Amino acid sequence: MDEHGTLTLFTAEAPAPVLLTVEEAARCLRIGRTTCFALIRAGELESLMIGGLRRVPADAPSAYLARRRAEQRAA
């Protein structure tokens, strides 16, 4: 709510992205672009094509890390 008691649905800041570029996903994971593409090709990191553009769902880097952590704990 703002100072007038009005419910505000959006802030002045940009909303969180739903899709990331491969470069943005790589930055989230602190890996290089080439490594990120390798994870995508191997099916380890979810991505999709929109038109001619490769995009990574915003929750995919976290899901990838969760799977990797679970694998390492199981080993």
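## A guided tour of the chain

Begin by selecting Leu19, which is partly exposed, with a relative accessible area of 33%. Leu19 sits in strand S1, made up of residues 19-20, and if you add Val18, Leu48 and Ile50 to the selection you will see a nonpolar patch on the surface whose members together have about 320 Å² of accessible area. Keep in mind throughout that this is a predicted model.

**The whole chain**

Now show the chain as a cartoon and follow the course of its secondary structure, which comes to three helices and three strands, arranged along the sequence in the pattern β-α-α-β-β-α. Of the 75 residues, 19% count as buried, while the chain exposes about 5,800 Å², with 56% of that supplied by carbon and sulfur atoms.

**The nonpolar core**

In soluble globular proteins, nonpolar side chains tend to be buried together. To look at this in the model, select the twelve residues of the largest nonpolar core, among them Leu20, Val22, Leu39, Ile40, Val56 and Ala60. Two or more residues of this core come from each of helix H1 (22-29), helix H2 (33-41) and helix H3 (60-74), and H1 gives the most, with four residues. Leu29 is another member of the core, and, once residues up to four places away in sequence are set aside, Leu29 touches Leu45, Pro61, Tyr64 and Leu65.

**The two cysteines**

Next select Cys28 and Cys36, and ask why Cys28 forms no bond with the closest cysteine sulfur. The sulfur of Cys28 is 9.0 Å from that of Cys36, which is too far for a bond, because a disulfide needs the two sulfur atoms to be within 2.5 Å. The count of disulfides is therefore zero. The surroundings of the two residues can be compared in the viewer as well, since Cys28 counts as partly exposed at 48% relative accessibility, whereas Cys36 is buried, with a relative accessible area of 0%.

**The loops**

Move on to Arg30, in the loop between H1 and H2, where the side chain belongs to a residue that counts as exposed at 72% relative accessibility. Most residues other than glycine have a negative phi, but phi of Arg30 is near 60°, a positive value.

Then select Ser47, in the loop between H2 and strand S2 (48-50). Ser47 and Phe37 are ten residues apart in sequence, and their C-alpha atoms are 9.7 Å apart in space. Leaving aside neighbours within four places in sequence, Ser47 is in contact with Ile40, Arg54, Arg55, Val56 and Pro57.

**The salt bridges**

Side chains of opposite charge can pair when their charged atoms come close. How many salt bridges does the structure hold? There are two salt bridges to find, and one of them joins the side chains of Glu23 and Arg33, with a distance of 2.7 Å from N to O. Glu23 lies in helix H1 and Arg33 in helix H2, so this pair ties together parts that are ten residues apart in sequence. Glu23 is partly exposed at 33% relative accessibility, and Arg33 is likewise partly exposed, with a relative accessible area of 47%.

For the last stop, select Glu71 and Arg68, which form a salt bridge whose closest N and O atoms are 3.9 Å apart. Both residues lie in helix H3, three residues apart, or about one turn of the helix, and Arg68 is partly exposed, with a relative accessible area of 32%.

Key. Residues numbered from 1 in each chain as written. Predicted model: local features only at pLDDT ≥ 70, side-chain atom pairs only at ≥ 80, totals over all residues. Heavy atoms only, no water. Patch = residues over 30% accessible without salt bridge, like charges linked within 9 Å, V, L, I, M, F, W, Y side chains within 5 Å. Areas by Shrake-Rupley, 256 points an atom, 1.4 Å probe, with all protein chains shown as cover. Salt bridge = Lys/Arg side-chain N within 4 Å of Asp/Glu carboxyl O. Buried < 20%, exposed > 50% of the residue type's maximum accessible area, 1.4 Å probe, protein only. Core = buried A, V, L, I, M, F, W, Y, C linked by side-chain atoms within 4.5 Å. Contact = heavy atoms within 4.5 Å.
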